[in-house]
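Trainee: I have a model open and would like to learn how to read it. Can we go through it feature by feature?

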Amino acid sequence: MAVPAMALRRGLGLGAALGRRSCSSKPLPPDFVESLRAVVGGNNVSTAMAVREHHGHDESMHTCAPPDAVVWPQAVGQVQELAALCHRCHVPMVPFGTGTGLEGGVNAVQGGVCFDLSRMDSITELSLEDFSVSVEPGVTRKTLNSYLRGTGLWFPVDPGADASLCGMAATGASGTNAVRYGTMRPNVLNLRVVLPDGRLLHTAGPGRQPRKRAAGYDLTSLFVGSEGTLGFLTQATLRLHPLPEATAATIAAFPSVRAAVACTVQVLQAAVPVARIEFLDEVMVDACSRFSGMELPATATLLMELHGSRHGLAEQQQQTEEIVRLNGGSDLTWAEELEERERLWAMRHRAWYAALALRPGCQGYSTDVCVPISRLPDVVVETKRDLQDSGLTGPMVGHIGDGNFHCLLIFDAQDPAEAQRVHAFSQRLGRRALAAGGTCTGEHGVGLGKRALLREELGHDGLDTLRRIKAALDPHNLMNPGKVL
């Protein structure tokens, strides 16, 4: 779930220590900037403080850590030359797409050069028969789906923000459609990667986009979710999906969190073709209702959307209504027209703004745990109790179909005590998810803030294996240093 940039304030509270530039960072070598300009031209290099600060943070609460220089390569060959130059001079490198991440992934904590890849924006190799397309880092998900209009295909992974598709691959992004269409990982068929020393790697082989493969180690999956620490993702070949013939969305209110979760499990067990099934707790529903002007009861709520054929959808709607009724849910009214559905999902996508409106002038932080669905009721109830005991404002919203939920923590960043309570709560929530057999991050990534939790999640041997992979590909630790490990 991405957070709108305008809603955040930089350099305050919880993220101050985590995002700050390391005092061990070194200045760029003499004439290094001129060497950058020789590769991409003077207009595509900047050392202006305003530009560097813009590229020194994402939409997280971590303090801005600007790079020493920003470059805008426009072709993969330039990325290779720039990477080779930085590698020879031992200068850190940080990839930058649209800056919509939530874990400080673009913060240049050791300085160096930020590679802004937004000007590489080609869409190539569209194959309607193979359901695939290749995109460069400057292509966002909305741009791609606009390009696909009229083809009968779309790319369904929707993290909320109009993020770079290569950036979404780098963070292992997900979103509201993941329960039906999967996360980024199964939807990436191949990646063109510039390695830290400038070499070019095609993770599934040059020009290949098979629907399945069993040839050697899965290098594509290695780089999906690597958060810019192993190389530059300069092209992604993506799996496309057919647009559904019919779509219907609805809202169901439940007497308790357990009832809402039980309904979700039964809907999935019944093989209902649910594409989205989102959970909002009573605090979030009340906030969204007031913010979006919709009259909804303040109770545990599911937002559901079904995709299928016109004939099949009517049967699945009836089946869903029966399951909702068995779990004490409200009567359902289905929105089938596009305008009605967009109004419903606009309310869900404005959840962040609705949460901020609970405490005007405050800052927000989104947690990102994911647990087995069977453990979700207990984890949610324990988390709500923890929120109340901590005196924190944290409405809950989540992709309940895969056990991923967010607490939108709204706090006064000028109050160190409250900021510390937010930090302590987020750490407890992460460990609660781990104890339940889950993960500390379902879709936002590790970045700067979850490194300690990653160590607990993977254990010594797991983390040591990651470090060995990192050392094999980036022995000088130049690619996005200070992140993940």
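**Reading the surface, the core and the charges**

Mentor: Start at the surface. Leu126, Leu128 and Tyr147 make a nonpolar surface patch of about 260 Å². Keep in mind that this is a predicted model.

Trainee: Where does leucine 126 lie?

Mentor: Leucine 126 belongs to strand E5, residues 123-127.

Trainee: Why does leucine 126 count as partly exposed?

Mentor: Partly exposed runs between the buried cut-off, under 20% relative accessible area, and the exposed one, over 50%. Leucine 126 has a relative accessible area of 32%, so it is partly exposed.

Trainee: Which residues gather in a patch of negative charge?

Mentor: Five glutamates do so on the surface: Glu336, Glu337, Glu339, Glu340 and Glu342. Take Glu342 as the example. It sits in helix H13, which covers residues 338-349. Its relative accessibility is 49%, so it counts as partly exposed.

Trainee: Now the interior. Is leucine 387 buried or exposed?

Mentor: Apply the cut-off again: buried means under 20% relative accessible area. Leucine 387 has 6%, so it is buried. Its place is helix H15, residues 376-390.

Trainee: Which residues does leucine 387 touch?

Mentor: Set aside residues up to four places away in sequence. Leucine 387 then touches Leu392, Gly394, Met396, Cys407, Leu409 and Phe425. Look at phenylalanine 425. In sequence, 38 residues separate it from leucine 387. In space, the two C-alpha atoms are 7.6 Å apart.

Trainee: Where does threonine 140 lie?

Mentor: Threonine 140 is in the loop between strand E6 (132-135) and helix H5 (141-147). This loop residue is buried, because threonine 140 has a relative accessible area of 9%. Residues up to four places away in sequence aside, threonine 140 touches Thr98, Asp162, Ala163, Ser164 and Leu165.

Trainee: What does histidine 241 contact?

Mentor: Leave out neighbours within four places in sequence. Histidine 241 is then in contact with Gly152, Leu153, Trp154, Pro156, Tyr181 and Asn187. Histidine 241 lies in strand E11, residues 241-242. It counts as buried because its relative accessibility is 13%. Now compare sequence and space for another pair. Histidine 241 and leucine 165 are 76 residues apart in sequence. Their C-alpha atoms are 15 Å apart.

Trainee: On to charge pairs. How many salt bridges does the structure hold?

Mentor: The structure holds 18. For a salt bridge, look for a side-chain nitrogen of Lys or Arg within 4 Å of a carboxyl oxygen of Asp or Glu. The side chains of aspartate 197 and arginine 199 form one, at 2.8 Å from N to O. Aspartate 197 is partly exposed, because its relative accessibility is 28%.

Trainee: Which residue forms a salt bridge with aspartate 386?

Mentor: Arginine 432 does, with the closest N and O atoms 2.8 Å apart. This pair links distant parts of the chain: aspartate 386 is in helix H15 and arginine 432 in helix H16 (residues 416-435), 46 residues apart. Both aspartate 386 and arginine 432 are buried.

Trainee: Which residue forms a salt bridge with glutamate 456?

Mentor: Arginine 431 does, and the closest N and O atoms are 2.7 Å apart. Glutamate 456 lies in helix H17 (residues 451-473) and arginine 431 in helix H16, so the pair ties together parts 25 residues apart in sequence. Now check exposure. Glutamate 456 has 42% relative accessibility, so it counts as partly exposed. Arginine 431 is also partly exposed, with a relative accessible area of 38%.

Trainee: Which residues do salt bridges with shared partners join into one network?

Mentor: The network joins Glu382, Asp386, Arg428 and Arg432.

Trainee: Last, the backbone. What is phi of aspartate 31 near?

Mentor: Phi of aspartate 31 is near 65°, a positive value in a residue other than glycine. Aspartate 31 is in the loop between helix H1 (16-19) and helix H2 (32-40). It counts as exposed because its relative accessibility is 61%.

Trainee: And asparagine 480: buried or exposed?

Mentor: Asparagine 480 has 2% relative accessibility, so it counts as buried. It is not a glycine, yet its phi is positive, about 45°. Find asparagine 480 in the segment after H17.

Terms used:
Residues are numbered from 1 along each chain as its sequence is written. This is a predicted model: local features need pLDDT of at least 70, side-chain atom pairs count only at pLDDT 80 or more; totals for chains, interfaces and linings use all residues. Side-chain values use heavy atoms; hydrogens and water are left out. Patches are made of residues with over 30% relative accessible area and no salt bridge: like charges are joined within 9 Å, nonpolar side chains (Val, Leu, Ile, Met, Phe, Trp, Tyr) within 5 Å. Accessible areas come from the Shrake-Rupley method with a 1.4 Å probe; for residues, only the protein chains shown count as cover. Lys and Arg count as positive and Asp and Glu as negative; His and the chain ends are not counted. The place of a charge is taken as NZ of Lys, CZ of Arg, CG of Asp or CD of Glu. Helices (H or I, at least four residues) and strands (E, at least two) are DSSP runs, numbered from the N terminus. Buried means under 20% relative accessible area, exposed over 50%, partly exposed in between (1.4 Å probe, protein chains only). Contact means heavy atoms within 4.5 Å.
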